[in-house]
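User: I'd like to walk through a model with you, feature by feature. Could you give me the general idea each time and then the case at hand?

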Amino acid sequence: MFDKFWKFHRDIPATRVFAYGLSNESATVPGPTIEALRGVHTDVTWENYLPSHHILPWDPTITNAMPSSGGVPTVVHLHGGVHPPFSDGNANSWFTSGFRSTGPTWSSPTSSYPNVQSPGNLWYHDHAMGLTRVNLLTGLLGAYILRDPYLESPLFLPSFPFDLNLMVFDRKFRVDGSIYLNSTGNNPSIHPQWQPEYFGDAIIVNGKVWPRLHVQRRRYRFRILNASNARFFRFFFSNALPFFHIGSDSTYLPKPVKTTGFLLAPSEIADVIVDFSDSPTDSAILLNDAPYPFPSGETVDATNSKVMKFVIERQRSPDESRIPRQLFVFPKPSLQSAVKTRYITMYEYTSPSDQPTHLYLNGKAFEEPVTETPKSGTSEIWYVINLTGDNHPLHIHLAHLAALEQREILELEKFKDCMTRLNDAIKCHVDDHAVGKKDKVAKYERGWKNVFKVKPGFMTTMLVRFELLGPGNTTYPFDATAEPGYVYHCHIVDHEDNAMMRPLKLQP
């Protein structure tokens, strides 16, 4: 990680950022794309060359990584990765420049990624305790692709140079080019800086504000990642071109799914094919109409509704790629395979002025003793209850999850009052309340994922699998029960930092 200046747009002065790279000169925002091969180990030594003080305001009143000798704490999490606990980027495994200060669970500067899972899309980003939101805003994120030519080549999907990552996020800039983050919180007497969500008006793709891409009139594969702190995107094309979804998060779908638009929460990845040979126009703008915060916030405007422009050649290009009828066959999620049932409840707490002060999972702070202790090699049913007004993308480290049902909670305020008092879904008769309308899980999200959007006022039923999907051996080739364990959290990172994250400790 380096401290440098980055040019986001020709008309914006250079911006001071933190960036991943092999040298200060070559470091980029986003960081270098790491390409790995399934079954071939990747070891990465992460080194911190950041300054003694942060370039953005941060809040000392929430639980933070607090180095004893100054410096900016960082730690890297490979999102969607299947790896041993010491390489998971635990929030307390942070370290500063030269390893002068380290967190209580730090053990090694080198992370070991076995790459034993099925091929797909991952990404790496900072995960330091209480500082994830500000470290991501500075630029500490990058793509990681896991390939398996033996399994993927027969699909004849678009390949290089027609296979591109699109890392999308929002920022706000001062006139001098620096990243703007409000230094005053919405409850300054409680939290002087923390705000429940960060939104920027400038939409950035691959490190450039509102870029354009010249494309041939043929099929392209786009691995689209929402790397925003809190903004949801509902993507669609100005000329109604369709998307063909072939993967969701880190896993291929069983077969392609055609849409004309789709919703992507922070940290989610949509792996899509776009066929520009079908374009009725010579250009297309990728647009967004998701309210912020989602789902009931402000509507987008003329700036934050635009993402990027595609300029399409007029003549059709040769194209040997295809959109296959079938993709990968994985085990179908089955509730009968589950060995345990858990209730996970999302709470938001407010001040007397009705401003958010913090958010919890199951009414507990991160530091409280672990309560989720699944057995390695098994599956569980998680009933995730959202008692807040926001949609929360729930991310479970290590595991694969499949959303099976979304059911509206009736008499929500009555149920919420009971849960606030008892914090016990069974004692509050959740089965009598979660009987409202069913919202279908979108077809492009019916595969195995590592993040799912939990709707406000709903109970979402998930099957959570703590073993590999295959093909081949499904046993983890490492000790998944070792310290410091894993975590699960909301991936609106402003929520995660305060303090919508809980430990996850697997058992033998």
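User: Let's start with strand pairing. Which residue is the bridge partner of T45 in β6?

Analyst: Keep in mind that this is a predicted model. Strands of a sheet pair through backbone hydrogen bonds, either parallel or antiparallel. Here T45 has T110 as its bridge partner in β6. The two strands, β4 (residues 42-45) and β6 (residues 110-113), run antiparallel to each other, with 4 bridges between them.

User: And which side chains of β4 are buried, and which are not?

Analyst: In a regular strand the side chains alternate between the two faces of the sheet. β4 follows that pattern: T42 and V44 are buried and point to one face, while D43 and T45 point to the other and are not buried.

User: Now a whole sheet. In what order do the strands of the 6-stranded open sheet come?

Analyst: Read across, the order is β22-β21-β23-β28-β25-β26, and the pairing is mixed. The edges belong to β22 (356-361) and β26 (438-439); each has a single partner strand, so one side of each lacks a neighbour in the sheet. Inside that order, β23 (residues 379-386) and β28 (residues 458-465) pair in the antiparallel sense over 7 bridges. One of the contacts to look for is I385, whose bridge partner in β28 is M459.

User: What does the record say about residues 345-504?

Analyst: The unreviewed UniProt entry annotates them as "domain: Plastocyanin-like". In the model, this span is 36% strand and 12% helix, and its end C-alpha atoms lie 15 Å apart.

User: On to cysteines. Which two form a disulfide?

Analyst: A disulfide is a covalent bond between the sulfur atoms of two cysteines. The model has 1 disulfide: C418 and C428, with sulfur atoms 2.1 Å apart. C418 sits in helix α3 (residues 412-422) and C428 in the loop between α3 and α4 (430-433), 10 residues apart. The link is left-handed, at -90 degrees about the S-S bond, and both cysteines are buried.

User: Why does C490 count as buried?

Analyst: Because its relative accessibility is 0%, and the cut-off for buried is under 20%.

User: What about pockets? How much space lies in the largest one?

Analyst: About 680 Å³. It is lined by 34 residues, and R147, P158, S159, F160 and D163 are the closest to its centre. Strand β9 gives the largest share of the lining, 5 residues. By class, the lining has 16 nonpolar, 7 polar and 11 charged residues.

User: Which residues lie nearest the centre of the second largest pocket?

Analyst: K172, Q195, E197, Y198 and F199, out of 21 lining residues. This pocket holds about 350 Å³ of space, and its lining has 8 nonpolar, 6 polar and 7 charged residues.

User: Last topic, backbone oddities. Where are the cis peptide bonds I should look at?

Analyst: One runs from E483 to P484, with omega near 5 degrees; P484 lies in the loop between β28 and β29 (486-490). Another runs from N498 to A499, with omega near -15 degrees, and A499 is in the loop between α5 (493-496) and β30 (501-504).

User: And what is the phi of F156, and of H429?

Analyst: F156 has a positive phi of about 55 degrees although it is not a glycine, and is found in the loop between α2 and β9. H429, not a glycine either, has a positive phi of about 60 degrees and is found in the loop between α3 and α4. F156 counts as partly exposed because its relative accessibility is 44%; H429, at 49%, is partly exposed too.

Definitions and conventions. Residues are numbered from 1 along each chain as its sequence is written. This is a predicted model: local features need pLDDT of at least 70, side-chain atom pairs count only at pLDDT 80 or more; totals for chains, interfaces and linings use all residues. Side-chain values use heavy atoms; hydrogens and water are left out. Buried means under 20% relative accessible area, exposed over 50%, partly exposed in between (1.4 Å probe, protein chains only). Two strands pair if DSSP finds at least two bridges between them. UniProt positions are given in the numbering used here, feature names are shortened, and annotations may be inferred rather than shown by experiment. A disulfide is a pair of cysteine sulfur atoms within 2.5 Å. On a 1 Å grid over the protein atoms alone, a cavity is a set of points where a 1.4 Å probe fits but cannot get out, and a pocket is an open set with protein on both sides within 12 Å along at least five of seven lines; lining residues have an atom within 4 Å of a point. Grid points are joined across faces, edges and corners, and a volume is the space filled by probe spheres set on the points. Ala, Val, Leu, Ile, Met, Phe, Trp, Tyr, Cys and Pro count as nonpolar, Asp, Glu, Lys and Arg as charged, and the others, Gly among them, as polar.
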